[in-house]
Amino acid sequence: MSVYHPVGTIVKLGIDESLQFMIAGYLPKREGSSVFDYFAVPFPFGLVDETKYICFNRDSITEVVFEGFRDEQCEEILAGFDELASNLRKSVSEFKASQT
């Protein structure tokens with residue numbers, strides 16, 4: 001099982017180690033791209049513009065600066081994340097294939 005982080009976790013990504021991002025959600029899909037593990041907003045500013053967020057996969061995280069809050073509900077979601085992500089990616093791939 002892979003390690004996933006809860007919403008509110010502050011991370012650094014390989015794109016620029018001087019920037020920090022707060023994980024704001026899971027499994028976003030941007031137009032014309034695949035499904036990502038996370039989307040995040042710049043920290044400490046948050047979502048100041050609806051276009052100012054970043055989508056990335058867990059392997060892009062170079063450092064966890066602060067781990068977000070976890071409770072039972074969060075643990076349940078994160079425990080099933082691999083399966084959920086796999087099913088969503090499969091559905092998106094199947095849909096794209098049916099459109100060609």
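Visitor: How many bridges join strand E1 (residues 10-13) to strand E2 (residues 20-26)?

Guide: This is a predicted model, in which local features need pLDDT of at least 70 and side-chain atom pairs count only at pLDDT 80 or more, while totals for chains, interfaces and linings use all residues. Residues are numbered from 1 along each chain as its sequence is written, and side-chain values use heavy atoms, with hydrogens and water left out. Helices (H or I, at least four residues) and strands (E, at least two) are DSSP runs numbered from the N terminus, and two strands pair if DSSP finds at least two bridges between them. E1 and E2 run antiparallel, and the number of bridges joining them is two.

Visitor: Through how many residues does a hairpin join E1 to E2?

Guide: Within this antiparallel pair, valine 11 of E1 has phenylalanine 21 of E2 as its bridge partner. The hairpin that joins E1 to E2 passes through a number of residues equal to six.

Visitor: Which residue in E5 is the bridge partner of valine 11?

Guide: E1 also runs antiparallel to E5, to which four bridges join it. Valine 11, whose partner in E2 is phenylalanine 21, has as its bridge partner in E5 valine 64.

Visitor: Are the residues Ile10, Val11, Lys12 and Leu13 of E1 buried or exposed?

Guide: Buried means under 20% relative accessible area, exposed over 50%, and partly exposed in between, with a 1.4 Å probe and protein chains only. Ile10 and Lys12 point one way from E1, whereas Val11 and Leu13 point the other way. On both sides, these E1 residues are buried.

Visitor: In what order do the five strands of the open sheet lie?

Guide: E1 pairs with E2 over two bridges and with E5 over four, while E2 and E3 pair in the antiparallel sense over six. One bridge of the E2 and E3 pair links methionine 22 to valine 41. The pairing in the open sheet is antiparallel, and the strand order is E4-E3-E2-E1-E5.

Visitor: Which strands are the edge strands of this sheet?

Guide: In the order E4-E3-E2-E1-E5, an edge strand is one that pairs on one side only. Two strands meet this condition, namely strand E4 (54-56) and strand E5 (61-66).

Visitor: What pattern does the protein follow along the sequence?

Guide: The protein holds two helices and five strands. Read along the sequence, these elements follow the pattern β-β-β-β-β-α-α.

Visitor: Which residue is joined to phenylalanine 43 by a cis peptide bond?

Guide: Omega of this cis bond is about 15°. The residue in question is placed in the loop between strand E3 (38-43) and E4. The cis peptide bond joins phenylalanine 43 to proline 44.

Visitor: Is leucine 27 buried or exposed?

Guide: Leucine 27 lies in the loop between E2 and E3, and its phi is near 55°, a positive value in a residue other than glycine. Its relative accessible area is 12%, so leucine 27 is buried.

Visitor: Which residues does leucine 47 touch, not counting residues up to four places away in sequence?

Guide: Leucine 47 lies in the loop between E3 and E4 and, with a relative accessible area of 56%, is exposed. Its C-alpha atom is separated by 9.4 Å from that of alanine 24, 23 residues apart along the chain. Contact means heavy atoms within 4.5 Å, and leucine 47 touches Val41 and Lys52.

Visitor: What percentage of the 100 residues in the protein is buried?

Guide: The C-alpha atoms fill a box of roughly 40 × 30 × 20 Å, taken along the principal axes. Among contacts between residues at least 6 apart in sequence, 49% join residues at least 24 apart. Of the 100 residues in the protein, the buried share is 32%.
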